[in-house]
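Biologist: Let's go through this model together. I will ask how each label was earned.
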Amino acid sequence: MALRPLAGPEIPEFLAASRDGYIADRVTSGDDHAIAERAAEETIATMFPGGEPGPGHLLFRVEEDNQPVGSLWIGPEPIDRSGSWWVFDITIDEQHRGRGLGKEAMLLAEREARSNGATKLGLNVFGNNTVVRHLYETLGYGVVAIRMSKSL
């Protein structure tokens, strides 16, 4: 397994897929589609000025045997905390899931963040994604906060 930096036309393709996935996750978690869409657009505009990754933001294609199996976006945490980095997006393509590639990709993300000066790596996982939450817990990630809601 390896990480290959994204470049050129791969960046807008990644952004579109990341945006769509984020919106879908938020809607599945109970957000209104328009609110989820606005949040995605604001994040992209902030983190990708002019359509290019902002300072410190790294985009990768996750590859196995030189074949793409997913993608990864890591970078400095939006709140200026020295040494704190964030996994903004990690995806293993559906046909490649269930083989441990997510775990391997997270270990590569940790190594990449560390090599760029990170001393801490955070992430967000939506509450309904129990499989991925379990993966992160087995890698040593702990809950920092829990946001709860109830449909009325």
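**Pocket, sheet and rings**

Modeller: Helix H3 gives the most to the lining of the second largest pocket, with 3 residues. Keep in mind that this is a predicted model.

Biologist: Which elements give two or more residues to that lining?

Modeller: They are helix H3 (101–115) and strand S5 (120–123). The lining includes Glu110, Ala113 and Arg114, and also Lys120 and Leu121. The space in this pocket is about 170 Å³.

Biologist: What makes Gly140 a lining residue of the second largest pocket?

Modeller: A lining residue has an atom within 4 Å of a pocket point. Gly140 is listed in the lining, so it meets that cut-off.

Biologist: How do the lining residues divide into nonpolar, polar and charged?

Modeller: There are 5 nonpolar, 2 polar and 3 charged residues. Gly counts as polar, so Gly140 falls in the polar group.

Biologist: How do you know that S4 and S5 pair?

Modeller: Pairing needs at least two bridges. Strand S4 (residues 84–92) and S5 have 4 bridges, so they pair, in the parallel sense. One bridge puts Ser84 with Lys120 in S5. Lys120 is also one of the pocket's lining residues.

Biologist: What do S4, H3 and S5 make?

Modeller: They make a right-handed β-α-β unit. Right-handed means that, with the strands pointing away from you, the path over the helix runs clockwise.

Biologist: Why are S1 and S5 called edge strands?

Modeller: The open sheet has 5 strands in the order S1-S2-S3-S4-S5, with mixed pairing. Strand S1 (2–5) and S5 each pair on one side only. The twist from one strand to the next averages 35 degrees.

Biologist: How many bridges join S2 to S3?

Modeller: Strand S2 (residues 58–64) and strand S3 (residues 67–76) are joined by 7 bridges and run antiparallel. Phe60 stands opposite Leu72 in S3.

Biologist: Why is the aromatic pair of Phe14 and Trp73 called edge-to-face?

Modeller: The structure holds 5 aromatic pairs. In the pair of Phe14 and Trp73, the centres are 6.2 Å apart, and the pairing limit is 6.5 Å, so the rings pair. Their planes stand at 85 degrees, and over 60 counts as edge-to-face, so the label fits. Phe14 is in helix H1 (residues 10–28) and Trp73 in strand S3, 59 residues apart.

Definitions and conventions. Residues numbered from 1 in each chain as written. Predicted model: local features only at pLDDT ≥ 70, side-chain atom pairs only at ≥ 80, totals over all residues. Heavy atoms only, no water. 1 Å grid on protein atoms, 1.4 Å probe; cavity = no way out; pocket = protein on both sides within 12 Å on 5 of 7 lines; lining within 4 Å. Points joined across faces, edges and corners; volume = space filled by probe spheres on them. Axes fitted to C-alpha atoms, helices over the stretch in contact; angles between N-to-C directions. Phe/Tyr/Trp six-rings, centres within 6.5 Å; stacked < 30°, edge-to-face > 60°.
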